[in-house]
Amino acid sequence: MSGLKPAQLRTDVLSGITVSLALVPEAIAFALLARVSPLTGLYAAFIVCLVTSALGGRPGMICGAAGALAVVMTSLVVTHGAEYLFAAVVLMGVFQLLFAAFRLGKFIRMVPHPVMLGFVNGLAIVVFIAQFGHFKVGGQWLRGDALWTMLGLVALTMAIIYVLPRLTKALPASLAAILLVSGLVAALGIDTKTVGDMGSIAGGLPAFHLPQVPPTLDTLYIVLPYSLILAAIGLIETLLTLNLIDAITDTRGRPNRESMAQGLANVISGLFASMGGCALVGQSMINIDNGARHRLSGITAALFLLGFIVLLSRWIEMIPLAALVGLMFVVCEKTFAWGSLQTLRKIPRQDAVIVVGVTLITVLTDLAVAVLAGVVFAALVFAWQHAKEIRADISTDQRGWKVYTLKGSLFFASTANFAALFDPKNDPAHVVVEFRDAKVVDHSAVEAIDTLATRYQQAGKTLHLRHLSPDCLEILTNAKGMVEVNEFEDPHYHIADNRLS
């Protein structure tokens with residue numbers, strides 16, 4: 001950070017202040033959702049944001065208490081209490097540290113682009129819908145003057161954020177909007193919902209606190225499933241957000257380092273009686289949109305958040321929620337990949353299904369299920385497409401033997417197409433299957449070759465198999481005697497089969 005130019009230093013600090021303001025209502029809301037005190041969420045936002053910003057692999061990304069995690073935490077807190085939540089958060093962090101230690105972060109690069117689009121769009125919709133909770137009091141929707149006041153202030157906030165950058169960029173538009181709308185509400189004495197209506201944010205410094213749970217196997221059985229789910233959801237949301245910021249900034253983050261930092265942050269968070277967290281797409285987009293690209297922005301956000309709790313709680317509680325709702329509405333609009341709506345008609349149908357499917361599943365269930373479903377569907381589509389690529393060029397050699405020269409990969413998805421290429425009943429007495437330009441991938445492929453050999457044996461024909469890997473020869477049964485071995489020309493590759501492991 002010492003090498004930052006004054007302009008970038010100023011940008012990161014101002015952006016960090018803006019992000020810290022946006023973190024407050026989100027942290028309180030997620031804490032209440034998880035059935036713990038508002039300070040539990042605020043301390044989590046401070047600790048996770050500070051540690052990941054200082055040590056993580058994606059400068060500019062903002063982490064904190066997250067709704068995707070809070071939903072999972074609720075049942076644990078209701079059933080067993082907050083102390084078990086703190087223990088689960090510590091174990092969650094340990095799992096994430098192990099993920100980093102085994103350097104598994106690279107696999108996030110394998111998430112297909114349509115899944116990324118669905119993730120971005122789905123999360124934008126989820127964040128957008130979540131803001132409508134601020135239009136309720138005691139579970140009832142605002143009405144009359146209260147509703148119109150709220151809507152008017154939200155619209156004013158959004159207008160300032162969109163218009164101000166055309167006039168000046170001396171101050172981040174989002175921070176200016178919050179300050180101007182808050183000043184207007186205070187000056188005119190407008191009666192509207194404020195941050196303080198969600199709960200008090202006044203408190204001291206977070207204190208070290210070992211989870212008060214029995215150190216027994218029963219405790220482990222209770223927290224282990226929750227910790228695994230929380231670790232998975234946290235890593236998926238964080239690493240996908242990392243990929244998103246990489247694409248926006250045309251830079252490359254470090255997934256394993258980010259996983260390590262998040263694991264450490266959650267271990268510390270659980271030991272300081274807070275609810276842990278992961279990356280926040282909305283706050284990260286605020287930060288990136290403000291031009292922040294360095295660790296200073298996240299560190300500033302964390303320190304100011306702590307300052308709000310310890311020193312400035314009375315003033316922060318006076319900020320109208322409408323200003324923060326308007327800011328998050330703008331973030332949702334900018335996060336949603338509007339261009340994907342136009343490209344849905346141009347891209348392959350299966351990719352369009354993935355984009356729409358991941359979006360809907362994210363909205364209706366949760367992010368982890370959506371991403372997993374998208375990756376599985378994409379893998380099946382990939383398998384189906386490659387299954388259709390298995391083909392054979394048919395010729396006759398000088399001896400009158402029919403030669404099938406295979407092209408493509410033979411694996412579980414292509415075995416049916418492979419079998420349909422041959423005609424044992426009408427083929428001549430000798431048939432050659434040439435594998436020089438093909439590859440046998442798995443156990444299903446070997447079974448398909450054995451089945452083909454049986455078909456030709458039953459038809460009274462002789463089958464010759466050429467240029468198979470030694471692995472194939474080792475595990476073939478019916479077709480083993482039909483393989484023509486050529487140690488100098490036969491390819492060497494490995495097959496996914498338990499008998500070879």
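In this predicted model, F411 has a relative accessibility of 10% and therefore counts as buried, since the cut-off for that class is under 20%. F412, by contrast, counts as partly exposed, because its relative accessibility of 48% falls between the limits of 20% and 50%. The search of the whole structure that finds 10 aromatic pairs includes the pair made by F411 and F412, which is edge-to-face, with 5.3 Å from centre to centre and 90° between the planes. The rings of F418 and F422 are also edge-to-face, because their planes stand at 70°, an angle over 60 degrees, while their centres are 5.1 Å apart; both F418 and F422 are buried.

Ring pairs further join F128, F132, F135 and F329 into a cluster, and F329 also appears in the packing of two helices, as one of the residues through which α13 touches α6.

Helix α6 spans residues 144-167 and helix α13 spans residues 321-335, and their axes come within 8 Å and cross at roughly 50°. This angle makes α6 oblique to α13, because it lies between the limit of 35 degrees for a roughly parallel arrangement and the 65 degrees at which a roughly perpendicular one begins. The crossing of the two helices is right-handed. On the side of α6, the contact is made by M150, L153, V154, T157, M158, I161 and Y162, whereas α13 contributes L321, A322, A323, V325, G326, L327, F329, V330, E333 and K334. Sorted by class, the residues in the contact of α6 with α13 comprise 13 that are nonpolar, 2 that are polar and 2 that are charged.

Terms used. Residues are numbered from 1 along each chain as its sequence is written. This is a predicted model: local features need pLDDT of at least 70, side-chain atom pairs count only at pLDDT 80 or more; totals for chains, interfaces and linings use all residues. Side-chain values use heavy atoms; hydrogens and water are left out. Axes are lines fitted to C-alpha atoms, for helices over the stretch in contact, and angles run from 0 to 180 degrees between N-to-C directions. Helices (H or I, at least four residues) and strands (E, at least two) are DSSP runs, numbered from the N terminus. Angles under 35 degrees count as roughly parallel, over 145 as roughly antiparallel, 65 to 115 as roughly perpendicular and the rest as oblique. A crossing is left-handed if the near helix is turned anticlockwise from the far one by less than a right angle, and right-handed if clockwise. Contact means heavy atoms within 4.5 Å. Ala, Val, Leu, Ile, Met, Phe, Trp, Tyr, Cys and Pro count as nonpolar, Asp, Glu, Lys and Arg as charged, and the others, Gly among them, as polar. Rings of Phe, Tyr and Trp (its six-membered ring) pair if their centres lie within 6.5 Å; planes under 30 degrees apart count as stacked, over 60 as edge-to-face and the rest as tilted. Buried means under 20% relative accessible area, exposed over 50%, partly exposed in between (1.4 Å probe, protein chains only).
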